[in-house]
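Here is a short report on one chain. Look over the sequence and the structure first, then read on.

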Amino acid sequence: ARLMQDERLSVENINNMFDRIVEQSQRRQSIDNCSPLISLLLDAACQVDCMEREDNPNKRWNHRVERDLRKKLFALGWG
């Protein structure tokens with residue numbers, strides 16, 4: 001979460017990281033069975049999402065990143 005704040009990563013950057021992890025993974029990803037990297041990315045996104053807007057130096061962060069990533073992960077499990 002600190003890296004996301006300090007580097008002011010955009011939502012697009014986070015989505016690209018998620019997509020790259022899924023692409024490089026050798027197994028099917030789902031909510032029940034996801035890689036540790038995806039789990040860490042979701043946890044960090046959640047921490048940044050929960051921050052107050054005034055405390056987050058990245059003003060482009062929209063507070064819905066973790067939810068959107070979980071939707072993508074859920075779709076991968078059904079897809």
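## Packing around helix α2

This is a predicted model. The buried residues of α2 pack against three helices: α1 (2-6), α3 (36-50) and α4 (65-78). Which residues of α2 are buried? They are Val-11, Ile-14, Phe-18 and Ile-21. Seen down the axis of α2, these buried residues fall within an arc of 95 degrees, so they line one face of the helix.

The face turned away from that buried side carries Glu-12 and Glu-23, and both are exposed. The length of α2 can be checked too. Helix α2 covers residues 11-24, which makes 14 residues. At 1.5 Å a residue, α2 should span 20 Å. Its end C-alpha atoms are 20 Å apart, so the expected and modelled spans agree.

## A salt bridge on α2

Side chains of opposite charge can pair when their charged atoms come close. The count for this model is 4 salt bridges. One of them joins the side chains of Arg-20 and Glu-23, at 3.0 Å from N to O. Both residues lie in α2. They are 3 residues apart, about one turn of the helix.

How accessible are the two partners? Arg-20 has 48% relative accessibility, so Arg-20 counts as partly exposed. Glu-23 has a relative accessible area of 56%, so Glu-23 is exposed. Glu-23 thus appears twice: on the face of α2 turned away from the buried side, and in the salt bridge with Arg-20.

## Glu-66 and its partner

Glu-66 lies in helix α4. Is Glu-66 buried or exposed? Its relative accessible area is 16%, under the 20% cut-off, so Glu-66 counts as buried. Leaving aside neighbours within four places in sequence, Glu-66 is in contact with Leu-42, Ala-45, Cys-46 and Asp-49.

This buried acid has a charged partner. The side chains of Glu-66 and Arg-70 meet in a salt bridge, with 2.7 Å from N to O. Both residues lie in α4, 4 residues apart, which is about one turn of the helix. Arg-70 is partly exposed, with a relative accessible area of 32%.

## Arg-67 and Asp-68

Another salt bridge pairs the side chains of Arg-67 and Asp-68. Here the N to O distance is 3.3 Å. Arg-67 has a relative accessible area of 43%, so Arg-67 is partly exposed. Asp-68 counts as partly exposed as well, at 28% relative accessibility.

## A nonpolar surface patch

Which residues form the nonpolar patch on the surface? They are Ile-31, Phe-74 and Trp-78. Together they have about 380 Å² of accessible area.

Trp-78 is found in helix α4. Its relative accessible area is 68%, over the 50% cut-off, so Trp-78 is exposed.

## Backbone at Arg-8

Most residues other than glycine have a negative phi. Arg-8 is not a glycine, yet its phi is positive, about 50 degrees. Where does Arg-8 sit? Arg-8 is found in the loop between α1 and α2. Its relative accessible area is 46%, so Arg-8 is partly exposed.

Key. Residues are numbered from 1 along each chain as its sequence is written. This is a predicted model: local features need pLDDT of at least 70, side-chain atom pairs count only at pLDDT 80 or more; totals for chains, interfaces and linings use all residues. Side-chain values use heavy atoms; hydrogens and water are left out. Helices (H or I, at least four residues) and strands (E, at least two) are DSSP runs, numbered from the N terminus. The expected span of a helix is 1.5 Å times one less than its number of residues. Buried means under 20% relative accessible area, exposed over 50%, partly exposed in between (1.4 Å probe, protein chains only). The arc is that of the directions from the helix axis to the C-beta atoms. Contact means heavy atoms within 4.5 Å. Patches are made of residues with over 30% relative accessible area and no salt bridge: like charges are joined within 9 Å, nonpolar side chains (Val, Leu, Ile, Met, Phe, Trp, Tyr) within 5 Å. Accessible areas come from the Shrake-Rupley method with a 1.4 Å probe; for residues, only the protein chains shown count as cover.
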